[in-house]
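This report describes how selected helices and aromatic side chains are arranged in a protein chain. The sequence and the structure are shown first.

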Amino acid sequence: MSTLAIGDQAPAITAKNQEGNTIQLSDFKGKRVILYFYPKDNTPGCTTEACNFRDNYQSLLKDGFEVLGVSIDSEQSHQKFIAKHELPFNLLADEDQKIVNDYGVWVEKNMYGKKYMGTARTTFVIDEQGKIAHIIKKVDNKNASEQIRALYQ
């Protein structure tokens, strides 16, 4: 598992989005990318976070950001999640867990004493040159966009 730090080159990403189209992180060179990892489509915390990005999406674009969500859910699951909540940004399907492992967010979790592997909710802000500018490990689902804006004020 990788341990990434601010200033590191962001690991390359090539993955299918909800439409089955191939998306690469390099497609967004010259823009700041909010790359947010979340555990599962259509769960309360993940929905709150996604809807916060949805509600702030136009202003984030205006400020030079692009938003990409990543989970280990399928393209079909992403399609339903997007349709249900009218999400305007791409969600990447990481069913083989390559991206979550490359970014070091596939971790052991513990719920009610049961240990299992899952995605740690984490947001990376990638700068225009493809380097990691910020890492948010304690994401505030209701204020995810505001957390990022606070880094640039």
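In this predicted model, helices H1 and H5 pack with their axes 7 Å apart and at an angle of about 60°. H1 and H5 are therefore oblique to each other, because an angle counts as roughly perpendicular only from 65 to 115 degrees and as roughly parallel only under 35 degrees. On the H1 side, the residues that take part in the contact are Glu 49, Asn 52 and Phe 53; they meet Ala 144, Ser 145, Glu 146 and Ile 148 of H5. Classified by residue type, this contact comprises three nonpolar, two polar and two charged residues.

Helix H1 itself covers residues 44-55, twelve residues in total. At 1.5 Å a residue, a span of 16 Å is expected for H1, and this agrees with the distance of 16 Å between its end C-alpha atoms. The buried residues of H1 are Cys 46, Thr 47, Glu 49, Ala 50, Cys 51, Asn 52 and Phe 53. Glu 49, Asn 52 and Phe 53 are thus buried and also in contact with H5. The cover over the buried residues of H1 is not limited to helix H5 (144-151): it also includes strands S3 (32-37), S4 (65-71) and S8 (122-126), together with helices H2 (57-62) and H3 (75-85).

Attention now turns to the aromatic side chains. Nine aromatic pairs are found in a search of the whole structure. Two of the pairs, both of which involve Phe 124, are set out below.

| Pair | Centre to centre | Angle between planes | Arrangement |
|---|---|---|---|
| Phe 37 and Phe 124 | 5.8 Å | 80° | edge-to-face |
| Tyr 103 and Phe 124 | 5.1 Å | 70° | edge-to-face |

Each pair links distant parts of the chain. Phe 37 lies in strand S3 and Phe 124 in strand S8, 87 residues apart. Tyr 103 belongs to the loop between helix H4 (98-102) and strand S6 (106-111), and is 21 residues apart from Phe 124.

What is the relative accessible area of Phe 37? The value is 0%, so Phe 37 is buried. Phe 124, with a relative accessible area of 3%, is buried, and Tyr 103 is buried as well.

A further group of rings involves helix H1. Phe 53, one of the H1 residues that meet H5, is also a member of an aromatic cluster with Tyr 36, Tyr 38, Tyr 57, Phe 81 and Phe 89. Phe 53 is therefore named in three settings: among the buried residues of H1, in the contact with H5 and in the aromatic cluster.

Key:
Residues are numbered from 1 along each chain as its sequence is written. Side-chain values use heavy atoms; hydrogens and water are left out. Helices (H or I, at least four residues) and strands (E, at least two) are DSSP runs, numbered from the N terminus. The expected span of a helix is 1.5 Å times one less than its number of residues. Buried means under 20% relative accessible area, exposed over 50%, partly exposed in between (1.4 Å probe, protein chains only). Contact means heavy atoms within 4.5 Å. Axes are lines fitted to C-alpha atoms, for helices over the stretch in contact, and angles run from 0 to 180 degrees between N-to-C directions. Angles under 35 degrees count as roughly parallel, over 145 as roughly antiparallel, 65 to 115 as roughly perpendicular and the rest as oblique. Ala, Val, Leu, Ile, Met, Phe, Trp, Tyr, Cys and Pro count as nonpolar, Asp, Glu, Lys and Arg as charged, and the others, Gly among them, as polar. Rings of Phe, Tyr and Trp (its six-membered ring) pair if their centres lie within 6.5 Å; planes under 30 degrees apart count as stacked, over 60 as edge-to-face and the rest as tilted.
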